[in-house]
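Me: I should like to learn how to read individual features of a protein model. Could we take them one at a time, with the general idea before the case at hand?

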Amino acid sequence: MRKLFIRIYLTLFTAMFLSLVIGITVLLVSSGFEMSQSEKQYSKASHRYLLSEVEKNPGLPIDKIIKKVQPFISYDLSWVPLSELSIDEDDLQLLENGEPLFDFEFAASTAYVWVYWPLLEREGVVLYQRTQETGISDKVFIISLIVVGLLVLPISIFLFLHPIGKQLVELTRYVRRYAQGELSERLSLEGSKPFIEFAADLNTMADQIEKQMNNQHTMSNAISHELKTPLTRLRMENDMAQMTDNHDDLKDYVTSVAEDLEQLEKLIKSILTLARYTHKSQQLELDVVDLRALLRQVVEQYVGQDVEIQLNIKDDIVVESNSDGLSHILINIIGNAVRYTHKQVCISASIFDGFCHLYIDDDGPGIPEDQRKTIFNAFSLLDDSRSRDLGGTGLGLAIVDAIAQKINCEVIVGESTFGGARFEVILSYKHQE
């Protein structure tokens with residue numbers, strides 16, 4: 001809610017600020033005064049607004065950020081890399097010191113303004129440019145226009161806030177229903193842009209809460225069953241071992257006990273791992289990761305098995321992720337592919353829109369479309385008997401999903417071109433200079 005009001009106040013402040021600055025600037029131009037100071041303050045405010053969007057969206061390309069803020073700024077914005085600027089050394093030094101560069105051209109009735117604001121972390125500048133009419137000489141008329149504009153502004157504010165007020169009433173009603181545990185409904189994504197963003201965030205929150213509640217319910221019911229099964233077998237095998245006098249039978253019982261203990265230890269370890277990664281305090285710091293090097297380490301674990309693993313990854317793919325977390329994800333997904341494939345597993349990648357799309361394909365039985373979301377739930381097993389024969393606990397992909405949320409990546413399940421399953425891991429691509 002606070003973000004929504006902040007957006008409203010920023011919009012109103014920007015509208016009033018632009019109205020006043022434009023009026024004052026016209027007066028200064030008509031009187032022949034220097035425009036640089038007012039233009040500097042005006043462009044600085046606009047640039048601060050742009051910088052706030054850059055900070056909010058660190059991974060978003062600058063051209064998309066400019067397109068996003070353009071409707072709220074009266075300048076025409078464009079992006080110019082430093083390498084494409086044709087300026088002298090003094091002006092370049094000014095930009096490198098973080099100061100803006102101004103350029104004016106006055107005609108009989110028009111003033112052309114160019115302001116270059118540096119954005120050094122993106123190795124370029126944002127060009128703010130606009131055209132002003134300066135032929136008005138009657139200051140009374142100009143002041144009257146400003147006064148009329150300020151009188152019209154409250155009416156505009158009311159017309160702007162009235163639909164938002166109705167939307168806030170709807171938001172409040174839904175929030176109260178969410179607070180009462182009614183999570184099945186979702187807000188419609190209609191209305192003003194701030195409302196749509198807030199409604200989308202609220203729907204996401206409801207999805208996450210509903211998912212966590214379902215997971216907790218599933219976990220509480222499944223853990224007791226999952227732990228009870230090996231414990232029952234252990235008790236039975238122990239009783240049988242005490243009753244037999246045959247050395248070979250006793251050896252078989254001891255072997256079975258060891259196998260069940262190993263499976264029980266694996267299950268408990270998976271439960272603890274899932275609990276650790278789903279806990280809010282478990283933070284994973286992001287860093288640059290050499291994707292091919294990490295994949296080679298993972299693939300080496302399966303050398304010698306009767307499965308062909310094709311690694312079609314370029315040497316220069318670097319992603320922004322957490323090495324340990326991403327390694328855990330890849331070990332689980334590639335391990336599943338090796339476990340269920342018939343002959344081959346293919347690992348490839350493509351880069352577009354600033355993201356690396358990593359594909360792990362196999363030629364196994366695949367995953368039915370109606371189960372491609374539920375497999376990320378705890379203790380979800382497509383084929384219970386087969387999974388247990390192969391050592392599955394039903395927690396591997398739940399852990400993958402929990403880690404993915406910590407390192408800002410997405411895992412999507414689809415159909416492979418080989419006829420089996422395709423796991424797509426979407427990561428933030430780190431461009432190398």
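Reply: Let us begin with a nonpolar patch on the surface of this predicted model. Candidates for a patch are residues with over 30% relative accessible area. Here M205, I209 and M213 form such a nonpolar patch, and their accessible area together is about 250 Å².

Me: In which helix is I209 placed?
Reply: I209 belongs to helix α6, which covers residues 193–243.

Me: How is the accessibility of I209 to be classed?
Reply: The class between buried and exposed runs from 20% to 50% relative accessible area. I209 has 33% relative accessibility, and therefore counts as partly exposed.

Me: Which residues form the negative surface patch?
Reply: That patch is made up of D88, E89, D90 and E96. One of its members, D88, lies in the loop between β1 (76–81) and α4 (89–96). D88 counts as partly exposed because its relative accessibility is 42%.

Me: Let us turn to H47. Is H47 buried or exposed?
Reply: The term buried applies under 20% relative accessible area. With 5% relative accessibility, H47 counts as buried. Its place is in helix α2, residues 36–56.

Me: Which residues does H47 contact, leaving aside neighbours within four places in sequence?
Reply: With those neighbours set aside, H47 is in contact with W117, P118, V126 and Y128. For one of these pairs, sequence and space can be set side by side: H47 and W117 are 70 residues apart in sequence, while their C-alpha atoms are 7.3 Å apart.

Me: How should D401 be read in the same manner?
Reply: D401 is found in helix α11, residues 396–406. The relative accessible area of D401 is 18%, so this residue is buried. Not counting residues up to four places away in sequence, D401 touches K211 and F376.

Me: I should also like to consider backbone angles. Which phi does D353 have?
Reply: Although D353 is not a glycine, its phi is positive, at about 60°. D353 sits in the loop between β8 (344–352) and β9 (355–362). The label exposed requires over 50% relative accessible area. D353 reaches 59% relative accessibility and therefore counts as exposed.

Me: Where does N408 lie, and what is its phi?
Reply: N408 lies in the loop between α11 and β10 (410–415). N408 is not a glycine either, yet its phi is positive, about 55°.

Me: Is N408 buried or exposed?
Reply: N408 counts as exposed, because its relative accessibility is 61%.

Terms used
Residues are numbered from 1 along each chain as its sequence is written. This is a predicted model: local features need pLDDT of at least 70, side-chain atom pairs count only at pLDDT 80 or more; totals for chains, interfaces and linings use all residues. Side-chain values use heavy atoms; hydrogens and water are left out. Helices (H or I, at least four residues) and strands (E, at least two) are DSSP runs, numbered from the N terminus. Buried means under 20% relative accessible area, exposed over 50%, partly exposed in between (1.4 Å probe, protein chains only). Contact means heavy atoms within 4.5 Å. Patches are made of residues with over 30% relative accessible area and no salt bridge: like charges are joined within 9 Å, nonpolar side chains (Val, Leu, Ile, Met, Phe, Trp, Tyr) within 5 Å. Accessible areas come from the Shrake-Rupley method with a 1.4 Å probe; for residues, only the protein chains shown count as cover. A salt bridge is a side-chain nitrogen of Lys or Arg within 4 Å of a carboxyl oxygen of Asp or Glu. Lys and Arg count as positive and Asp and Glu as negative; His and the chain ends are not counted. The place of a charge is taken as NZ of Lys, CZ of Arg, CG of Asp or CD of Glu.
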